[in-house]
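Student: Could you go through this structure with me? I would like to start with how far to trust it and then look at the packing.

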Amino acid sequence: MTRFAPLGRLPRPARWLVRVLIVLLILALVLTLYARWTVRRSYPRTSGRIAVPGLSKDVTVYRDRYGIPQIYADDADDLMRAEGYVHAQDRFWEMDFRRHVTAGRLSELFGRTTLDTDKVVRTMGWRRVAERELPLLRPETRRYLQAYAQGVNAWLRQHPNTATQSLEYSVLGLQRTGYHPEPWTPVDSLAWLKAMAWDLRSNMDDELGRALAATKVPRDRVDQLYPAYPYDRNPVIVSGGKEARGGPVNEPRARTLPPALAKVSAAVNAMPTLMGNGAPGLGSNSWVVAGSRTATGKPLLANDPHLAPAMPSLWYQAGLHCRQVGQACPFDVSGFTFSGVPGVVIGHNQRVAWGFTNLGPDVTDLYLERVSGGTYEYKGRREPLQTRTEQIKVAGGRPVTITVRATRHGPLLSDAMDDARQAGNGLAVALRWTALDPGRTADAIGLIDTARNWSEFRTAAASFDVPAQNLVYADVDGNIGYQAPGRIPIRTKGDGTWPAEGWTGEQEWKGYLPFDRLPAVYDPEQGYIVTANNAATGPGYPDLLTKDWTYGYRAARIQELVRQTPVMDAAGMARIQMDDRNGFAPTLVPHLLRVGSGAAVNLLRGWDFTQGADSAPAAYYNAVYRHLLIRTFNDELPEGARPDGGDRWFEVLRNLLGRPDDPWWDDVRTAGVRETRDDVLRAAMKDADAELRHRLGGDPAKWKWGDLHRLELTNETFGDSGIGPIEWLFNRGPLRLAGGDSLVDATGSNAQTGYGVDWVPSMRMIVDLADLDRSRWINLTGESGHAFDTHYWDQAKLWARGETVPMRATPETIRREARRTLTLTP
């Protein structure tokens, strides 16, 4: 029988080797324990009792198996204090990062790498506008904002060491020592609403894209790239066909614009993708079905906003409940919140439910300005530029000073990337944007949370100034409705599709559309309402909202599926949310089958046009579609105007496919050769076949869409650090996904960069008004912002499979299913 020799009997070299190994093992154990302690020391305490100064009475926080808090209090201010405390427990780093973004102070944390972002935000003055908004709000809203800040600051005082606040602060300390977060303020909360408005700003990118395209091709060819909404095929929200037309527009100053417009494009691209950054196809789905079409006789409401993916998710699920609901404490609401902002943004209370999609009206205009010295031209006169100086602190470097210049039309966005010495003369570009006027959106959140009927809901919506949204509504009495709120400018001339010549004074804003002239519908005869960023209005509507709707493919598919289901239930609503049929494929595939041959092309024969993660036809089709766009348009269009793949390009190609000799098919780089439609189709199919054989193997039958179409859950701060161990700490995935661009299951990508997913249904919710406890929801990642916490991404794989979890509403069910209970005491 073999025995291990005691250490003392081993030869001397072996004894030393063993001792070294023991020391190394001890060091490894100590390092492992230290790393574990470092990671876990910021985890929140979610059970027991914690004293929170400022509370008037005890507040109870129940958390379910996914860490979702349901907060119960006797006082509305206590409820908001507790929400602030709980948000800080789970997401304070995210909150701190967001307020640095919206104040143009990222460089204080990250150095020169974020300087361009700070310049753009300071130029627009987000925080300055938020400071002006605070005194305009209702006294109750200001009180809630203050109470929320007190809750955040109570948590901060209990965690004075940044290492106990979040792991990110420990990583930040490797490059920037001595940082300590400032106390939270109400303005920090309000400023986040500017980020929301920026990323849902509607057609600014289309306006810029038109102008950039016009520097390379004539106006009539630019117009081909922006076709009219297909009213004959796709639905509108409020019955009708064509929206109102704007006044006459000026011809674009096509080949004189590039320097100033290029600067504006660079400024837009410098902004982080907090919610989407105007991502192509960015939108949402929501629809509501009346009780006349449901199994229970009560309405069902579904919502899934499409936003940029983030780690952690943009949303934080929570419930805010007054133990006794009344005038003094009116909240009994559950839904999706923003960390850093009091209240629930999307969800339901005990009587009404609501959802949001982006209305997408034209709320931004770019104005070309003739600038000279300290003046600009307006109606033949010189007016003084408004100027201010901004100093940006830079971690590890000297402060940077910029001079912000503005005209009557707004800040000169073309200056944003310059420093104080570079702002010069010539043609500049100013930004006119509704969000740069102080508004009352913060009022709307609290009023919607406590609305009890359609009348009160509309009153609340009237305060939702920016971003302009589609609001769908349902209530326990069986009613459904739709309301479009928001500030939408009235123009003296033009339709906002091209940059305006600011010096003429002809294309001005003369106010905003009154609320009672905005689209709305209540209890429509058909028994359902669908909004998916499609055209909101039809013929006879007197006012111009925009010329740049998304093109209605998602809305048409949702409407088709609702009509096919005469008796709807919650499971049916969930199936619609995951529908992955490509609405353009039936148009393109016959052309591909007509000109193509081979094993890859044969995948398309009999394809049902769905894009499941394991679909070989979907993989090949999307590769062909991508290469078709690149071959057709990239040879003539500059960056910023090239195709991204969204449903606008469905319509562009639909029109071109019927014109085989259109100049767009010709590749201008091939001298002496004039390509036609079929030449480009064959070349795109060849490109796709070669790419997929290289990436996915030589057998087309084994190709899978999900192997191309993957989502990397990337931390918004350190996820792209370029340092492998740090990225490993914070990033998760990849997830193989179904769906695609402009599908109901809207997992989007950009044709210019590939197939990786860059915008998603950021959450999904289905509210059952017959029994709110049967409602369902899911978040993209999870509740926690703490890496390695149980709830950091525990919902992600469920989300990827299209599953949801219970969205409880009654106190009995919430208490029964609670996994953790925390009492916050005065």
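Tutor: We can take confidence, the disulfide, the cores, the aromatic pairs and one loop residue in turn.

Student: What is the mean pLDDT of the chain?

Tutor: This is a predicted model, and the mean pLDDT of its chain is 92, with 91% of the residues reaching 70 or more.

Student: And where does pLDDT stay under 50?

Tutor: One such stretch is residues 1-8, for which the model has five contacts beyond four places in sequence, and another is residues 241-255, for which the model has 51 such contacts. Where pLDDT is low, the predicted coordinates should not be read in detail.

Student: Okay, cysteines next: how many disulfides does the structure hold?

Tutor: It holds one, formed by C322 and C329, whose sulfur atoms are 2.0 Å apart.

Student: What is the handedness of the disulfide of C322 and C329?

Tutor: The disulfide is left-handed, because the torsion about its S-S bond is about -80 degrees.

Student: Are C322 and C329 buried or exposed?

Tutor: C322 is buried, with a relative accessible area of 4%, and C329 is buried as well, with a value of 3%.

Student: Switching to the interior, which residues have the most contacts inside the largest nonpolar core?

Tutor: That core has 217 residues, and those with the most contacts inside it are W433, Y620, Y621, F633 and L824. Its largest share, twelve residues, comes from helix α2, which spans residues 76-102.

Student: What does L824 touch?

Tutor: Leaving aside residues up to four places away in sequence, L824 touches nine residues by name, namely I50, V52, L55, K57, D58, V59, V61, A82 and Y85. There is also a second, separate core of 18 residues, which includes L300, A532, I558 and I576.

Student: How many aromatic pairs are there in the whole structure?

Tutor: A search of the whole structure finds 35 of them. One of these is the tilted pair of F457 and Y473, with 5.0 Å from centre to centre and 50 degrees between the planes. This pair links distant parts of the chain, since F457 belongs to helix α13 (residues 454-461) and Y473 to strand β17 (residues 469-475), 16 residues apart.

Student: Buried or exposed, those two?

Tutor: F457 counts as buried at 0% relative accessibility, and Y473 likewise counts as buried at 0%. For W509 and Y512, the ring centres are 6.3 Å apart and the planes lie at 70 degrees, so that pair is edge-to-face. W509 counts as buried at 12% relative accessibility, whereas Y512, at 27%, counts as partly exposed.

Student: Which residues do ring pairs link into a cluster?

Tutor: The cluster is made up of W93, F97, F110, Y169, Y179, F718 and F730.

Student: What about charges over rings, where do R210 and R408 sit?

Tutor: R210 lies over the face of Y226, at 4.1 Å from the ring centre, while the charged end of R408 sits over the ring of Y378, 3.9 Å from its centre.

Student: Last topic, where does S47 lie, and what does S47 touch?

Tutor: S47 lies in the loop between α1 (12-40) and β1 (48-51), and it is partly exposed, with a relative accessible area of 27%. Not counting residues up to four places away in sequence, S47 touches R820, T821 and L822. By contrast, the C-alpha atoms of S47 and V652, 605 residues apart along the chain, are separated by 57 Å.

Definitions and conventions: Residues numbered from 1 in each chain as written. Predicted model: local features only at pLDDT ≥ 70, side-chain atom pairs only at ≥ 80, totals over all residues. Heavy atoms only, no water. Disulfide = S-S within 2.5 Å. Buried < 20%, exposed > 50% of the residue type's maximum accessible area, 1.4 Å probe, protein only. pLDDT = per-residue confidence, 0-100. Contact = heavy atoms within 4.5 Å. Core = buried A, V, L, I, M, F, W, Y, C linked by side-chain atoms within 4.5 Å. Helix = DSSP H or I, 4+ residues; strand = E, 2+ residues; numbered from the N terminus. Phe/Tyr/Trp six-rings, centres within 6.5 Å; stacked < 30°, edge-to-face > 60°. Lys NZ or Arg CZ within 6 Å of the ring centre and 35° of its normal.
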